[in-house]
Amino acid sequence: MSNQERPLTGRFPADGSALDRAGYERAGGYQALRKVLGGLSPMAVIDEVTRANLRGRGGAGFPAGAKWISVPRDLKPCVLIANADEMEPGAFKDRVLMEGDPHQLIEGMVVTAWALQARHGYIFLRAEYMEAARRLERALHEARAAGYLGDDILRSGFSFDIRLHQSAGRYICGESSALINALEGKRAIPRAKPPRPTTSGLWGCPTVVNNVETLCNVPHIVARGARWFLDLSEGPVGKRGKDGGTKVYGVSGRVRRPGWFEAPMGLPLRQVVQEWGGGMVPGFRLRAVQPGGASTGFLGSEHLDVPLDFDSPQKFGARLGTGTVIVHDDRTCPVGALLNLERFFARESCGWCTPCREGLPWVAEILKTIEESGGDSSHLEILEEHTHLLGPGNTFCAHAPGAMEPLQTGLVLFREEFERHRRHRGCPYSENGERI
Ligand SMILES: Cc1cc2nc3c(=O)[nH]c(=O)nc-3n(C[C@H](O)[C@H](O)[C@H](O)COP(=O)(O)O)c2cc1C
Ligand code: SF4
């Protein structure tokens, strides 16, 4: 793939350092900003992004243009927040983008701020991302010095600045309204909606929260147009996909080449695992795959031809999520893997609503019983019941339903493995993952 076809990562320096301002400018950086300030109206930017069908890369796939157009323009000044919390287990794409090309995020934010006529911007960064913080601070400083950020940007009369906020570190801080509470110095629990943050968010101001990767796409769409962006994606043979752009995918687990790569949106799962991931490590077979991080459902090996776009995995109980694929192998106990996942979700529940606060630890406890002593059919029934009790609509935010996605699909896909635990009166896998 050429650099043109890898717009988000094609400019990364080969030595792993961050692209500095001069390098970014040489590679065409800040041209989109010059273009909008040179005479593109905020509405023209929103129209282009809407036509490009840029869907949010933070997990839910909400169309960016539709979110931006819903911001009331006659209230208080608008705030723009880049969501760089990225605590979903398996996800690391935003860190890659911020460390490799921090000016791309900055330009994406300033162009988006122009479209929204926002005055204030924040990057809400995961606590552990120390290196990303250093590189972003340096880039923010460089951008201010060059007049791309701050008062009267490029003498256009438009002013916008960005503050870097390092999170105190909880998974729930990634949920957009909990993030806003955290920024205000309050306990990070999701807010009641309505009002949505786009109407009343940070300090009561209309607030747009977008994922880092979403924002990084914006300068490219503005510079090259919606049609170019739509043509980047992949669909059924010879056709482009319906969701525009590329995706920064990740692949982890027992594959030969775990890591990240940028490829067309809509790439078949098989290509992610076999071509980019290099296939399974010898001696291991693929059992299942979570296509988009820990909170997405399992797909079995029969689903390897599913295109990784926003809609296709949903037909099989999974989601594109963050597009960071977790590969599960046949020598690791799937019940133990589920226990590990549900323990994480139970620990990260913010505790505000009862089904999630009480239900997730109970799910983890039942899985522990099955893993340690096999359990019986009543345990499977309780787990099954919880996938409904904690499902969409029964809790205050998407944390608990997200935790139920791997459980719901795992109960079907790993049925035989649950039965083996019962017959074996505990885990039939030894410590090193070999079958006994
Ligand atoms: C528990 C939880 C954690 C989340 N974590 C993140 C995150 O780390 N980064 C992110 O961009 N979105 C995260 N989201 C989704 C955000 O609420 C929001 O939808 C997203 O930031 C919007 O940006 P986008 O439309 O550009 O994807 C999370 C949602 C939930 C429920
Ligand atoms: S679902 Fe869980 S994380 Fe979300 S508000 Fe309720 S208790 Fe908090």
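In this predicted model, ligand 2 sits in the largest cavity. Around ligand 2 there are 13 residues. Those that come nearest are Cys350, Trp352, Cys353, Cys356 and Cys397. Sorted by class, the shell around ligand 2 holds nine nonpolar and four polar residues, and no charged ones. Cysteine and tryptophan are both counted as nonpolar here.

The other site to look at is that of ligand 1. Here 19 residues surround the ligand, and the closest are Gly58, Glu86, Asn210, Asn211 and Thr214. The shell around ligand 1 is made up of nine polar, five nonpolar and five charged residues. Strand β4, which spans residues 207–211, supplies three residues of this shell, the largest share.

Several polar contacts can be traced between the protein and ligand 1. Asparagine 210 places a polar side-chain atom 2.9 Å from an oxygen atom of ligand 1. For asparagine 211, a polar backbone atom is 2.8 Å from an oxygen atom of the ligand. Both asparagine 210 and asparagine 211 fall within the range of residues given for strand β4. Glycine 174 also takes part through the backbone: one of its N or O atoms lies 3.3 Å from a nitrogen atom of ligand 1. On its own, ligand 1 has 610 Å² of accessible area, and the protein covers 87% of this.

To go through the two sites in the structure, start at Cys350 and Cys353 beside ligand 2, then turn to Asn210 and Asn211 beside ligand 1. The shell around ligand 2 has no charged residues, whereas the shell around ligand 1 has five.

How values were computed: Residues numbered from 1 in each chain as written. Chains lettered and ligands numbered in written order. Predicted model: local features only at pLDDT ≥ 70, side-chain atom pairs only at ≥ 80, totals over all residues. Heavy atoms only, no water. Near = heavy atom within 4 Å. Polar contact = N/O pair within 3.5 Å; in protein donor to acceptor, adjacent residues only side chain to side chain. Areas by Shrake-Rupley, 256 points an atom, 1.4 Å probe, with all protein chains shown as cover. Helix = DSSP H or I, 4+ residues; strand = E, 2+ residues; numbered from the N terminus. 1 Å grid on protein atoms, 1.4 Å probe; cavity = no way out; pocket = protein on both sides within 12 Å on 5 of 7 lines; lining within 4 Å. Sits in = over half its atoms within 2 Å of the grid points.
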